[in-house]
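The exercises below are to be worked with the sequence and the model side by side. Each opens with a task and continues with a solution in steps.

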Amino acid sequence: MGKIVVAEYVSVDGVMQDPGGVGEIEVGGWTNPYWDDELAKLQADLLFASDALLLGRVTYEGFAAAWPDMEHEEGPFAVKMNTMPKYMVSRTLTGMEWNAALIEGDVAEEVAKLKTDPGQNLLIYGSGSLVRLLLQHGLIDQLRLMIHPVLLGAGKPLFTETGGKKELQFAGVTTTSAGVVVVDYKKAPEGTQK
């Protein structure tokens with residue numbers, strides 16, 4: 001059985017929108033001052049342990065526009081981003097490029113089918129609506145929150161409408177020298193709900 005890992009940049013007040021600064025919100029780019037070699041290694045380790053990306057439309061469009069031109073700057077990380085298979089969820093986009101396949105129909109059901117392949121470890125970046133949907137259906141196996149030491153006061157929060165209480169099991173924590181707290185949680189085993 002494959003697994004789904006979510007990796008999210010979040011502010012202390014829970015905002016996940018526009019971490020790289022593409023103009024979605026006025027305070028966009030809020031992660032940039034905290035990027036360092038430690039965080040880069042954590043991200044690379046996670047990416048290289050994954051077989052495919054699973055993305056929502058907004059994240060897919062941003063990545064597909066940016067990553068193909070980044071191989072000269074980002075080296076092996078960008079090569080992996082560009083060459084690995086991608087599964088994209090959208091109700092409006094139909095033309096797939098950048099090595100992507102469209103997930104159609106019942107998203108939770110189709111993603112559950114993807115997980116049945118033992119060689120299919122899926123990584124989700126961003127994609128807030130998709131993450132919330134998969135949380136509602138209990139399909140996320142690991143949640144990595146990279147909590148940046150900043151309060152934004154504006155922007156879309158990561159956690160809204162997750163379908164009620166969800167128990168998680170602590171799996172580890174790392175703090176970078178720039179002050180980013182990287183917390184890993186796993187889905188709590190059945191029967192351990194409090």
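**Exercise 1.** Determine whether Glu24 is buried, partly exposed or exposed, and describe its surroundings in this predicted model.

*Solution.* Begin with the relative accessibility of Glu24, which is 41%. Buried means under 20% and exposed means over 50%, so Glu24 counts as partly exposed. Next, place the residue along the chain: Glu24 is found in the loop between E1 and H1. Then list its contacts, leaving aside neighbours within four places in sequence; Glu24 is in contact with Gln17, Asp18 and Val58. Finally, consider a residue far away in sequence: Gly155 is 131 residues from Glu24 along the chain, yet the C-alpha atoms of the two are separated by 8.5 Å.

**Exercise 2.** Examine the backbone of Asp18 and of Trp98, and state what sign phi has in each.

*Solution.* Start from the general expectation that most residues other than glycine have a negative phi. Asp18 is not a glycine, and its phi is nevertheless positive, at about 55°. The residue sits in the loop between E1 and H1, and Asp18 is buried, with a relative accessible area of 4%. Turn then to Trp98, where phi is again positive in a residue other than glycine, with a value near 55°. Trp98 belongs to the loop between E3 and E4, and at 11% relative accessibility Trp98 counts as buried. For a further positive phi, look at Gly138, which follows H6 and has a value near 65°.

**Exercise 3.** Identify the residues that touch the most other members of the largest nonpolar core, and the elements that supply the core.

*Solution.* The largest nonpolar core has 30 residues, and those touching the most other members are Leu47, Leu53, Tyr60, Met81, Trp98, Leu123 and Tyr125. Assigning the core to secondary structure, one finds that strand E1 (4-11), helix H1 (37-48), strand E2 (52-56), helix H2 (57-66), helix H4 (76-83) and strand E5 (122-125) each supply at least two residues. H1 gives the most, with 4 residues. Apart from this core lies another, of 24 residues, among them Ile4, Met16, Ala108 and Ile140. To see the packing of the largest core around one member, take Leu47: not counting residues up to four places away in sequence, Leu47 touches Leu53, Phe77, Lys80, Met81, Met84, Leu123 and Tyr125.

**Exercise 4.** Find which residues of H2 are buried, and on which side of the helix they lie relative to one another.

*Solution.* The buried residues of H2 include Thr59, Tyr60 and Ala64. They cover an arc of only 125° around the axis, and therefore lie on the same side of H2. The partners of the buried residues of H2 are E2, strand E3 (86-89), strand E4 (100-103) and E5. A parallel inspection of H6 shows Gly128, Leu130, Val131, Arg132, Leu134 and Leu135 to be buried, and the buried residues of H6 pack against E1, E2, E3, helix H5 (107-115) and E5.

**Exercise 5.** Establish how accessible Leu54 is, and which residues it touches.

*Solution.* Leu54 lies in strand E2, and at 0% relative accessibility Leu54 counts as buried. Residues up to four places away in sequence being set aside, Leu54 touches Ile4, Tyr87, Val89, Ile103, Val111, Leu122, Leu123, Ile124, Tyr125, Ser127, Leu130 and Leu134. As a check on long-range distance, compare Val181, which is 127 residues from Leu54 along the chain and whose C-alpha atom is separated from that of Leu54 by 24 Å.

**Exercise 6.** Describe the lining of the largest pocket and of the second largest pocket.

*Solution.* About 1,700 Å³ of space lies in the largest pocket. Of its 49 lining residues, Thr59, Phe63, Tyr125, Gly126 and Ser127 are the closest to its centre. E1, H1, H2, H4 and helix H6 (128-136) give two or more residues to this lining, and H2 gives the most, with 6 residues. By class, the lining of the largest pocket divides into 24 nonpolar, 16 polar and 9 charged residues.

The second largest pocket holds about 220 Å³ of space. Its lining comprises 17 residues, of which Gly138, Lys166, Glu167, Lys187 and Ala188 lie nearest its centre. Strand E6 (142-148) and strand E8 (181-187) give two or more residues to this lining, and E8 gives the most, with 3 residues. The lining of the second largest pocket has 7 nonpolar, 3 polar and 7 charged residues.

Notes. Residues are numbered from 1 along each chain as its sequence is written. This is a predicted model: local features need pLDDT of at least 70, side-chain atom pairs count only at pLDDT 80 or more; totals for chains, interfaces and linings use all residues. Side-chain values use heavy atoms; hydrogens and water are left out. A nonpolar core is a set of buried Ala, Val, Leu, Ile, Met, Phe, Trp, Tyr and Cys residues joined through side-chain atoms within 4.5 Å. Buried means under 20% relative accessible area, exposed over 50%, partly exposed in between (1.4 Å probe, protein chains only). Contact means heavy atoms within 4.5 Å. On a 1 Å grid over the protein atoms alone, a cavity is a set of points where a 1.4 Å probe fits but cannot get out, and a pocket is an open set with protein on both sides within 12 Å along at least five of seven lines; lining residues have an atom within 4 Å of a point. Grid points are joined across faces, edges and corners, and a volume is the space filled by probe spheres set on the points. Ala, Val, Leu, Ile, Met, Phe, Trp, Tyr, Cys and Pro count as nonpolar, Asp, Glu, Lys and Arg as charged, and the others, Gly among them, as polar. The arc is that of the directions from the helix axis to the C-beta atoms.
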